[in-house]
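Here is a short briefing to read alongside the model. Have the sequence and the 3D view open as you go.

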Amino acid sequence: MLSTSSIVKPLPPEWFVDHDTNAEMRWDATADLGYRTPNERFFVRNHTATPQIDAKTWRLRVFGSGLLGAPDLAHAIEFDYRQLRSLPSYELEAVLECAGNGRRFFAGQQHTPTEGTPWALGAVGLARWRGVRLAEVLNRAGIRDDAVEIMPQGLDASYVEDGVDHGHVRRPLPVRKALDDTLLAYEMNGDPLPPDHGFPVRLVVPGWVGVASVKWVGQIEVANHPLVSPWNSTWYRITGPGYPPEGSPLTAPAVKSVFQLAWDACVPAGAITVLTGRSWSGKAPVRRVDVSTDGGQSWQPAQLHGPNRRDGWVRWELPWRPTAPGPHTLLARAVDETDAEQPDTVPFNDGGYQFWAVVRHPVTVVG
Ligand SMILES: Nc1nc2c(c(=O)[nH]1)N[C@H]1C(S)=C(S)[C@@H](COP(=O)(O)O)O[C@H]1N2
Ligand SMILES: [Mo]
């Protein structure tokens with residue numbers, strides 16, 4: 001088991017890479033998995049630690065200037081767990097991806113390291129989520145027509161960095177998105193949310209970076225004016241040379257691809273190896289995936305199979321029969337239905353977010 005104690009579930013090293021309070025899913029251990037990511041395999045991104053919350057005493061408090069009567073937190077509209085469970089339920093499948101997924105390649109591939117968790121490509125998963133539409137709850141709480149933003153806040157400990165207490169994890173979300181397809185989820189892949197993934201209730205914001213999907217939600221502010229938190233003003237926005245000084249808060253993850261293969265894997269010469277992988281985009285289904293087995297000199301279309309929907313990912317494969325022993329570089333490049341295509345390099349940004357360039361995956365062909 002890994003050493004981190006901020007996560008409750010077991011983290012066998014054959015399934016996870018330890019990143020302090022976070023755990024990355026190992027893509028090379030996923031060959032036997034179906035379309036969805038099982039709960040016990042799902043990556044965990046914790047700013048502090050998984051809290052233990054009793055569903056019996058848990059309450060969701062909805063308040064703010066964007067509600068009829070503008071109640072403050074002390075006069076919030078409250079929902080308990082049983083009430084939420086008795087409201088009409090709704091199910092959706094969605095990829096959840098950390099905005100920093102791929103960050104290690106800013107260093108490894110572009111020689112411009114950044115601070116932050118050095119994820120390879122395993123800070124992503126796909127689950128079926130069930131819960132109540134946030135719209136249902138906001139309507140019951142009396143949301144006004146002039147509400148513009150909501151801010152969900154987690155019940156995990158305050159986030160302290162270099163002696164500065166930034167308060168609880170919270171991030172504004174436009175009312176437009178909150179009323180569209182945002183879910184207050186209490187189930188993940190048919191089971192109650194596991195503690196690490198937000199028990200008893202979390203937000204799921206399909207097509208947005210993972211930080212929008214606040215776990216262990218305890219309160220939601222609804223405001224008739226824009227809201228600010230460090231999670232949209234300092235972090236999770238794109239800043240750096242070549243970007244406007246004010247930056248822009250991250251919303252949809254860009255198109256990416258991954259091989260379900262170990263880094264530096266050994267592949268036999270003269271035999272067929274079926275290369276498998278997945279591609280996804282926060283904006284649209286994936287149109288095509290091309291694979292190169294010779295460092296990018298030539299490309300072949302991979303065969304896509306199974307579901308391929310917006311907010312999901314698509315599985316693909318390509319049989320490969322290498323002949324020459326020695327080091328090889330595999331590349332997979334996806335293009336989505338909006339014509340967004342993975343580039344060879346991405347411009348640097350300070351936070352190391354959104355590494356969506358084609359990743360160069362080294363393997364060794366053995367004779
Ligand atoms: N309350 C709370 N919500 C949170 C976080 C957190 O640390 N605390 N991390 C966010 C980030 S950065 C990501 S990527 C996702 C990760 O969700 P998971 O741990 O279920 O995979 O949760 C988001 N919601
Ligand atoms: Mo994240």
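## Two domains and a ligand site

In this predicted model, 40 residues of domain 1 are in contact with 33 residues of domain 2, where contact means heavy atoms within 4.5 Å. Domain 1 covers 2–249 and domain 2 covers 256–366; these bounds come from an automatic or database domain assignment.

A word on conventions: residues are numbered from 1 along each chain as its sequence is written, and chains are lettered from A and ligands numbered from 1 in the order in which they are written. Local features need pLDDT of at least 70, side-chain atom pairs count only at pLDDT 80 or more, totals for chains, interfaces and linings use all residues, and side-chain values use heavy atoms, with hydrogens and water left out.

**Where the domains meet**

- The C-alpha centres of domain 1 and domain 2 are 28 Å apart.
- About 3,200 Å² is buried between the two domains, with carbon and sulfur atoms giving 58% of that area (buried area is the accessible area, 1.4 Å probe, that two parts lose on being put together, summed over both).
- Trp27, Tyr35 and Phe106 supply 23% of the area that domain 1 buries against domain 2, more than any other three residues.

**Polar links across the interface**

- Two salt bridges are counted between domain 1 and domain 2 (a side-chain nitrogen of Lys or Arg within 4 Å of a carboxyl oxygen of Asp or Glu).
- Lys256 and Glu97 form a salt bridge through their side chains, at 3.0 Å from N to O.
- There are also 18 residue pairs in polar contact between the domains, both residues at pLDDT 80 or more (a pair of N or O atoms within 3.5 Å; within protein, one must be able to donate a hydrogen and the other to accept it, and residues adjacent in sequence count only if both atoms are side-chain atoms).

**Around ligand 1**

- Ligand 1 is surrounded by 20 residues, and the closest are Phe43, Asp156, His197, Arg202 and Lys215 (a residue counts if one of its heavy atoms lies within 4 Å).
- The side chain of His197 places an N or O atom 2.7 Å from an oxygen atom of ligand 1.
- For Arg202, a polar side-chain atom is 2.8 Å from an oxygen atom of the ligand.
- In Lys215, an N or O atom of the side chain is 2.6 Å from an oxygen atom of ligand 1.

**Backbone details to look at**

- The peptide bond from Phe199 to Pro200 is cis, with omega near 5 degrees.
- His111 has a positive phi, near 60 degrees, in a residue other than glycine.
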